[in-house]
Structures are given as structure tokens and as C-alpha cells.
Amino acid sequence: MTTSDPTSLPEPAFAGGTRAITTTPVVGMPRRPYAEAFVPGDEALEDGEMRVTVLGSGNPWVTRAQASGSVLVEIGNAERDILILDLGSGSLANYAALKLPANKLDKVFFTHLHADHTADLITLSGSYAKIGRADRPVAVWGPSGTEPRLGTRHFVESVQEALAWDTAGSSGPINPDSLEMSVTEFEFSRTGVVYEANGVTVTSFPVIHALSGAVGYRIDFAGLTVVHSGDTCPGWPLVRACEGGVDLLIHECFPPAAVLAAATGLSIERATIALNAAHTSPTGAGTVFGLVRPRMAGLWHTFLSPQVIPMIFAELRAVYDGPVVQTQDLTVFNVTKDAVLARQGRVADQLPPIAGEQRVAYTPVQPEPPAWWAEQRIPITDPAPRA
Ligand SMILES: [Zn+2]
Ligand SMILES: [Zn+2]
């Protein structure tokens, strides 16, 4: 069931809405009941299921309502693997809200190296080690560029180098191995498998965005397929990568240039250039959805306001009538053979971190203080800890 009436869309979460922004939150017949909102910790991932959560739905200018680009994929395999596609600014605040263990977040797939897709790598490598990601390096996969300095390897190694003070200051209390990063750089221009483990296959394909060296990803698990465009103009490699059917296609979508300019204060010229050189309009997204015909489609990387959303759907509905969700931060998709569901997460803003199972034993070591501290430090006798 679809409707082209955009007035029936739920409000965005930041304006008080509690549901996913769509008129078709369910495709198919779920085999089990799902609560109306997704409440982290209340709902175990089932065997054979994929749960896809948008951690960052927004733009480079991160707001309290929208973190920058990031999509989390939880896999219902025996290992309950977690993959993260991009790490935009603020996205890990939303990860923390999901009550998922820090220790499991160690597989990162970059679509490209724009700052709004990569900034929280520092948070993951440096700061998540301080809250429990304690037993192994962060593994990063990402595309090559047209020269080595434009590739993922150079980026990750440079971030690692820039973290020298953090790493030196944290080793001892924290297992130094967990402060490392490993990199697998693959050829950006080739559609091919870049990761295969525990029943999960990740395929990368080139996309059209700003420079050569941006990709999207297809994730296959247990007969289910999720495709994420990354940042892109409409392009054929994505459509071809969707062959065989897709359960969930999350495609980027910018508002029409005039709307973007009016909503953000960008000049119409800048907004038009951004859209033409790097991004997809609602008509473009609808056209791609029409070519792919996914069971469920999601729009992503969209500046959201209550005024913009109906305009996006009105433009998109002129070319596509299938199920579409305008994703926002903490839009959650449950993907199974029986159904694809879109809901909004209901989360707490201030949760203690969950470290999770530590797979390597490590005994913290008190670091040797710099000699000059002895004279400069004010002696304090703290009360003994109470049992
Ligand atoms: Zn980008
Ligand atoms: Zn972007």
C-alpha cells in the first residue's frame, strides 16, 4: 500500500514525531510482533535478520537533530557482527544510545573521505578505547584514490599519526593494540567483493561524487541484500550492483536546489553546483528507485525540516510510487525474508557506555608520571572508595 498524499507523513523526531517518516512503514508480513518504536535493549536481533540503523542522516554542518553520514548494520549471524558504513561527526553519540557494546564496533567501511563521513574515526579509535573498546585495532576498509595520498590508506595512517599524543597518553591504562588501526584499501573503480566473513559479503561499487574515489556498498547476508549509495549522483554502477533484487536500498537525497538554498542560506548557485556535481535530487532518487525496485527504499543525507520533507516526497512521487522512508537519525530498519520494517528509535540521551565482552585479557598499567609533576601537583588526599 502506498499513497502519494505527503500530508499524511509523520513529523520528524526533532519536531516531536515518534514514527519513521513514511506512509509505508511495513512491507510484507512480519513473522513476529514489533513494538511501535524501537527501544534499544528491548528487542534482540533474530537469527538471519539484518537491522540497519541510520546513525547520521544529515549534512556536513552537524546539528543536534542530525549527525553527519553514518549507517550501522547489525547482522543476525552467530557472531552478531556489527558493520558501520561511515563515521560522520556525531554519529557515535547515536551508537551509544543503542546500548550496543563498544567492543563490537571495530569494522568500519568508508564510502569516501569527505570529512562529514570520517570525523568520528578519531572518536572510535581514541575515545572508544577509553570506554571499553579494549582488545583489538579498529579495522577500516575504504577505496583507493587516483593517487596514493587520495586513498583510504593514506587517510587512516595520517589520522593514526595525528593521534600520537592520544596514543602515547593512553597506552598503559589501555591495551595499546586497541589504539591501532588496520587498513584494507581496495580499488575504487571496480565493482567487487571487499569483505567476506561469517556469512556476510560486502561488495563495493564506484559512485559519482566530487572526485574519483567514492564508492557505495552492497551487503549480503542469509539471502538478504542491503545497498547503501554513499554520496552520489544517480549512477549505473549502483543500479547494476542491485541486480538480483534488493531488500533495502538507502540512497542519498538532497532537497531541490532552490529549497536547499532557502532552508540553509546557501546561495542558489552553490546549492545548484553541489547538487549537480555530487548529489541526487528527489527526482533522481525516485528514478534510481524505479530502476532498482527495492522492497523498501530510504532517502538519506537530507537536510530535514518540516517544510522540506513534503516537498521532497511530492517531487519523488512524480516518478516513483514504491515504499520510501525519509530517514533521520535513529531510523531503524528490520530486514527479514518476511518483511522490511521502518521505525524510529526511542532512546535516552545519557547512557553509560557498554564495554561488552573483552576477547583479550589486558592488565592496566599505571604510567610513569613526568618528573616535573612531583613539585607542581597539589597534594590531595581523596576519600577511600566505599564498598
Ligand atoms: Zn561527500
Ligand atoms: Zn556527505
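Student: Okay, two strands pair if DSSP finds at least two bridges between them. With that in hand, which residue of S6 stands opposite Val108?

Tutor: Val140 stands opposite Val108. Keep in mind that this is a predicted model. The strands here are S5, residues 107-109, and S6, which pair through three bridges.

Student: Parallel or antiparallel, for S5 and S6?

Tutor: S5 and S6 are parallel. Together with helix H2, residues 121-127, they form a β-α-β unit that is right-handed.

Student: Which other strand is joined to S6, and by how many bridges?

Tutor: That is S7, residues 181-186, which runs parallel to S6 and is joined to it by six bridges. Across that pairing, Thr184 in S7 is opposite Trp141.

Student: And is S6 mostly covered or mostly open?

Tutor: Mostly covered: S6 spans residues 138-143, and five of its six residues are buried.

Student: Let's zoom out. How many helices and strands does the chain have?

Tutor: There are ten helices and 16 strands. The radius of gyration is 22 Å, close to the 21 Å from the globule rule for 387 residues, so the chain is as compact as a globular protein of that length. Along the principal axes, the C-alpha atoms fill a box of roughly 70 × 50 × 40 Å.

Student: What share of the residues is buried?

Tutor: Of the 387 residues, 47% count as buried. Among contacts with a separation of 6 or more, 71% are between residues 24 or more positions apart.

Student: Got an example of two residues apart in sequence but brought together in space?

Tutor: Try Phe14 and Ala65: they are 51 residues apart in sequence, yet their C-alpha atoms are 5.8 Å apart. Phe14 sits in the segment before strand S1. Phe14 has 15 other C-beta atoms within 10 Å, so it is partly exposed.

Student: New topic: helices. Which residues of H6 are buried?

Tutor: In H6, residues 257-264, they are Ala257, Val259 and Leu260. Viewed down the helix axis, these buried residues fall within an arc of 160 degrees, so they line one face of H6.

Student: What does that face pack against?

Tutor: The buried residues of H6 pack against helices H7 (268-278) and H9 (308-317). Right after H6 comes Gly265, with a positive phi near 90 degrees.

Student: And which residues are buried in H9?

Tutor: Val308, Ile309, Ile312, Phe313, Glu315 and Leu316 are buried there. They fall within an arc of 165 degrees down the axis of H9, so they line one face of that helix. The partners of the buried residues in H9 are H6, helix H8 (282-292), strand S13 (296-300) and strand S14 (324-326).

Student: You mentioned a positive phi at Gly265. Which residues have one although they are not glycine?

Tutor: Ala210, at about 65 degrees, and Leu330, at about 70 degrees, are two examples. For background, most residues other than glycine have a negative phi.

Student: Where are Ala210 and Leu330 found?

Tutor: Ala210 is in the loop between strands S9 (200-206) and S10 (215-221). Leu330 is in the loop between S14 and strand S15 (331-335).

Student: Last one: is Leu330 buried or exposed, and how does Ala210 count?

Tutor: Leu330 has 25 C-beta neighbours inside 10 Å, so it counts as buried. Ala210 has 17 inside 10 Å, so it counts as partly exposed. The cut-off for buried is 20 or more.

How values were computed
Residues numbered from 1 in each chain as written. Chains lettered and ligands numbered in written order. Predicted model: local features only at pLDDT ≥ 70, side-chain atom pairs only at ≥ 80, totals over all residues. Buried ≥ 20, exposed ≤ 12 C-beta atoms within 10 Å, placed from the backbone. Helix = DSSP H or I, 4+ residues; strand = E, 2+ residues; numbered from the N terminus. Right-handed = clockwise from strand over helix to strand, strands pointing away. Rg over C-alpha atoms; globule rule 2.2 N^0.38 Å. Contact = placed C-beta atoms within 7 Å. Arc of directions from axis to C-beta.
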